[in-house]
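Trainee: I should like a close look at a single part of this model, followed outwards into what surrounds it. Please give the cut-offs as the terms arise.

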Amino acid sequence: MSDPTQSINRRIVLASRPKGEPRDENFRLESLPVPAPGEGQALLRTLFLSLDPYMRGRMSDGPSYAAPVQIGEVMTARTVSEVVESKSPAVKVGDIVLCDAGWQEYTVADGGKVQKLDPTAAPVSTALGVLGMPGLTAYTGLLNIGQPKPGETVVVAAAAGAVGAVVGQLAKIWGCRAIGIAGGPEKCAYVAKELGFDACLDHRSENLAAELKAACPKGIDVYFENVGGKVFEAVLPLLNPFSRIPVCGMISSYNATELPAGPDQTPVLMRSILTKRLTFRGFIVMDYASQYPDFIRDVGGWIREGKLKYREDVVDGIENTVSAFQGLLKGKNFGKMLVRMHR
């Protein structure tokens with residue numbers, strides 16, 4: 001790991017826009033002097049940075065809910081950082097904070113605009129995962145759009161991931177059956193045995209549709225969508241009347257450069273929406289930012305009580321950030337994907 005007194009800040013910028021899968025040449029590792037904080041600012045040293053699927057969208061310049069990263073700019077990311085120099089009364093040296101430093105080892109930020117963390121309350125890395133944006137996404141999406149009721153069947157794709165793992169556990173806490181879909185037998189075993197889902201199916205199975213039907217004998221009442229593609233095709237026929245579908249992500253198509261081959265399924269989907277009175281709603285976590293205190297109270301409490309578990313997949317060093325992100329988009333991570341910059 002780098003010396004905390006070093007004078008060089010290593011950062012990764014977007015060198016070109018990916019076409020399809022992000023490649024090494026789309027990024028550039030730069031070394032620049034560590035920036036100096038001005039009045040009211042603090043110098044922050046990155047401890048952990050979060051890697052999330054939404055970042056693929058920020059690499060493209062098409063219309064979206066957030067502005068794209070510009071060519072030559074540091075890749076965006078939420079980070080947990082340590083204050084190493086402060087000219088702000090809001091933070092002091094040694095404080096641990098949540099901020100948006102991006103893919104770099106150091107940054108300067110307004111001391112009044114970072115969120116101080118309590119390292120004694122939970123491991124600081126959880127502020128990027130189960131107690132951070134992914135956990136809040138699961139909590140608010142399931143609560144507000146999924147509206148699960150005791151006894152209902154909740155299905156979640158990418159069930160071993162940072163969002164999906166929380167969705168299924170919340171469904172169980174709220175009295176539902178939880179069925180996960182994940183990639184590979186190891187992840188499925190973890191979801192079913194460690195996280196306590198009622199079942200977890202491998203999306204790579206040639207018999208996914210039949211296996212999902214057998215696991216959901218009373219149909220599906222809530223489907224938390226993280227993936228799309230073949231998984232959604234297996235889910236659609238099983239949706240019950242008045243089912244709710246929070247649409248959180250579509251990772252199966254993030255690298256797509258054209259529409260999938262095959263017949264147009266839009267008429268089938270629209271007929272199901274009409275005849276079954278289905279509710280599809282896309283959402284972004286910031287839509288429910290006001291519920292953050294409730295989320296921290298509930299999920300933090302369930303973690304302390306042992307009712308909710310989490311897993312992190314950590315790689316070390318900024319030089320491994322690009323390969324870790326590429327693996328994330330292919331489902332190679334096992335748990336919340338983090339890069340540890342400094343110990």
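Between which helix and which strand is the loop that holds Lys309?

Mentor: The model is a predicted one, in which local features need pLDDT of at least 70 and side-chain atom pairs count only at pLDDT 80 or more, while totals for chains, interfaces and linings use all residues. Residues are numbered from 1 along each chain as its sequence is written, and side-chain values use heavy atoms, with hydrogens and water left out.

Lys309 lies in the loop that joins helix H8 (292–304) to strand E14 (312–316); helices (H or I, at least four residues) and strands (E, at least two) are DSSP runs numbered from the N terminus. With a relative accessible area of 40%, Lys309 is partly exposed, the limits being under 20% for buried and over 50% for exposed, with partly exposed in between (1.4 Å probe, protein chains only).

Its surroundings bring in parts of the chain that are remote in sequence. Between the C-alpha atoms of Lys309 and Gln169 there are 8.1 Å, although 140 residues separate the two along the chain. Apart from neighbours within four places in sequence, Lys309 is in contact (heavy atoms within 4.5 Å) with Gln169, Glu194 and Leu195. A polar atom of the Lys309 side chain is 3.2 Å from the backbone oxygen of Glu194; a polar contact is a pair of N or O atoms within 3.5 Å, one able to donate a hydrogen and the other to accept it, and residues adjacent in sequence count only if both atoms are side-chain atoms.

Glu194 leads to helix H4, which spans residues 185–194. In H4, Lys187, Cys188, Tyr190 and Val191 are buried. These buried residues line one face of the helix, because they fall within an arc of 160° when seen down the axis of H4, the arc being taken over the directions from the helix axis to the C-beta atoms. Strand E9 (177–182) and strand E10 (199–202) are among the elements that cover the buried residues of H4. On the face turned away from that buried side are the exposed residues Pro185, Glu186 and Lys193. Just after H4, Gly196 has a positive phi of about 85°.

Positive phi also occurs elsewhere. Most residues other than glycine have a negative phi. Arg277, not a glycine, has a positive phi of about 55°; Arg277 is in the loop between helix H7 (266–276) and strand E13 (279–282) and is partly exposed, with a relative accessible area of 44%. Phe242, also a residue other than glycine, has a positive phi near 70° and belongs to strand E12 (residues 239–247).

One further topic is enclosed space. There is one cavity of 30 Å³ or more, a cavity being a set of points, on a 1 Å grid over the protein atoms alone, where a 1.4 Å probe fits but cannot get out. The largest cavity has a volume of about 100 Å³, that is, the space filled by probe spheres set on points joined across faces, edges and corners. Sixteen residues line this cavity, and Val130, Ala162, Tyr310, Arg311 and Lys336 lie nearest its centre; lining residues have an atom within 4 Å of a point. Helix H3 (residues 164–173) gives the largest share of the lining, three residues.

Methods:
On a 1 Å grid over the protein atoms alone, a cavity is a set of points where a 1.4 Å probe fits but cannot get out, and a pocket is an open set with protein on both sides within 12 Å along at least five of seven lines; lining residues have an atom within 4 Å of a point.
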